[in-house]
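Dear colleague,

I am passing the structure below on to you, together with notes on what was found in it. Please read the notes with the coordinates open beside them.

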Amino acid sequence: MQTSSRLSHGAPFHVGFRDFPACLTDTVVSLSPAEQTGSLGCIGWFIVIISGMFTLLLFPFTIWFCLKIVQEYERAVIFRLGRITDRKAKGPGIFFILPCTDSIVKVDLRTVSFDIPPQEILTKDSVTVSVDGVVYFRVNDPIASVANVSNADSSTRLLAQTTLRNVLGTKNLSELLSDREGIAHSMQFNLDEATDNWGIKVERVEIKDVKLPHQLQRAMAAEAEATREARAKVIAAEGEMNASRALKEASIVISESPSGLQLRYLQTLSTIAAEKNSTIIFPLPMDVISHFMKK
């Protein structure tokens with residue numbers, strides 16, 4: 001299709017739709033399920049009118065097919081001739097539908113929890129561990145959960161497994177064992193962002209258990225035991241050093257008072273006698289022993 005016009009100088013020019021940029025001619029607009037409720041068309045409205053007339057003619061009997069009830073925790077998405085009739089799901093309570101043209105899909109809004117099966121994961125530092133968890137989610141947009149995904153529950157379960165493997169694959173073993181809360185928050189953010197178009201709200205993610213290989217458990221136990229022994233030796237050495245300093249100070253004090261040494265001898269004898277020993281050792285001063293050695 002061509003359109004023609006003239007410039008101010010009188011020269012004609014031709015403009016075709018091919019001359020426009022592709023961004024102006026080939027624009028595709030993606031609408032949400034709530035915005036895809038369009039007209040039914042002439043045939044569609046004709047079928048709806050016939051269905052309404054049929055319902056009115058057989059009113060006493062068709063009333064049982066027109067009335068639908070949904071619970072407080074449910075919402076109903078109504079399809080009329082394959083199209084979503086309203087931008088908001090129906091319920092809770094009672095509402096009317098046309099029995100021949102309308103169909104409903106009930107969506108449960110309660111929080112659902114499921115266990116993530118144990119996943120064999122290779123961490124960033126090349127350690128194989130088995131990790132499982134639990135996810136809590138609920139349907140936030142009933143229309144999106146019906147129109148955008150065939151099975152929101154199953155899709156969320158599968159996505160949780162892959163998200164767990166992807167997130168833990170970027171963590172070291174030490175981070176996996178010590179930062180479970182941070183890993184859970186990261187998984188929740190990724191899951192919530194991925195399932196937003198499905199009308200799913202991920203409320204909570206928890207890491208349940210981290211299973212290590214038996215050889216790695218023994219190696220970690222041996223490492224922890226060696227660390228504790230080394231710390232105990234350091235503490236004992238520090239105690240010996242402090243004791244030697246105290247003994248040095250005590251010897252200086254005793255050397256200044258010769259009678260203090262005799263009092264120390266008597267205190268030692270009193271301590272030994274209190275234990276009911278049959279043998280008592282009398283400590284003698286070195287100067288007395290040296291006097292006998294000279295003779």
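**Strand S4 and its partners**

In strand S5, the residue that bridges to Arg 80 is Arg 83, where strands (E, at least two residues) and helices (H or I, at least four) are DSSP runs numbered from the N terminus. Before going further, please note that this is a predicted model, in which local features need pLDDT of at least 70 and side-chain atom pairs count only at pLDDT 80 or more, whereas totals for chains, interfaces and linings use all residues. Residues are numbered from 1 along each chain as its sequence is written, and side-chain values use heavy atoms, with hydrogens and water left out.

The bridge between Arg 80 and Arg 83 belongs to the pairing of S4 with S5 (residues 83–84), which run antiparallel and are joined by two bridges; two strands are taken to pair if DSSP finds at least two bridges between them. S4 and S5 form a hairpin with two residues between them, and Leu 81 in the turn has a positive phi of about 55°.

S4 also pairs with strand S7 (residues 102–108), in the antiparallel sense and over seven bridges. Within this pairing Val 77 stands opposite Val 105, and Arg 75 stands opposite Val 107. The three strands form an open antiparallel sheet in the order S5-S4-S7, with S5 and S7 as the edge strands, each pairing on one side only. Strand S4 (residues 74–80) is mostly covered, with six of its seven residues buried, where buried means under 20% relative accessible area, exposed over 50% and partly exposed in between (1.4 Å probe, protein chains only).

**Cysteines**

Why is there no bond at Cys 66? Its sulfur is 8.6 Å from the closest cysteine sulfur, that of Cys 100, which is too far for a bond, since a disulfide is counted as a pair of cysteine sulfur atoms within 2.5 Å. By this rule the count comes to zero disulfides. Cys 66 is buried, with a relative accessible area of 6%, whereas Cys 42, at 71% relative accessibility, counts as exposed.

**The chain as a whole**

The secondary structure comes to ten helices and ten strands, and buried residues make up 23% of the 295 residues in the chain. Among contacts (heavy atoms within 4.5 Å) between residues at least 6 apart in sequence, 64% join residues at least 24 apart. The accessible surface, from the Shrake-Rupley method with a 1.4 Å probe, comes to about 21000 Å², of which 58% belongs to carbon and sulfur atoms.

With best regards
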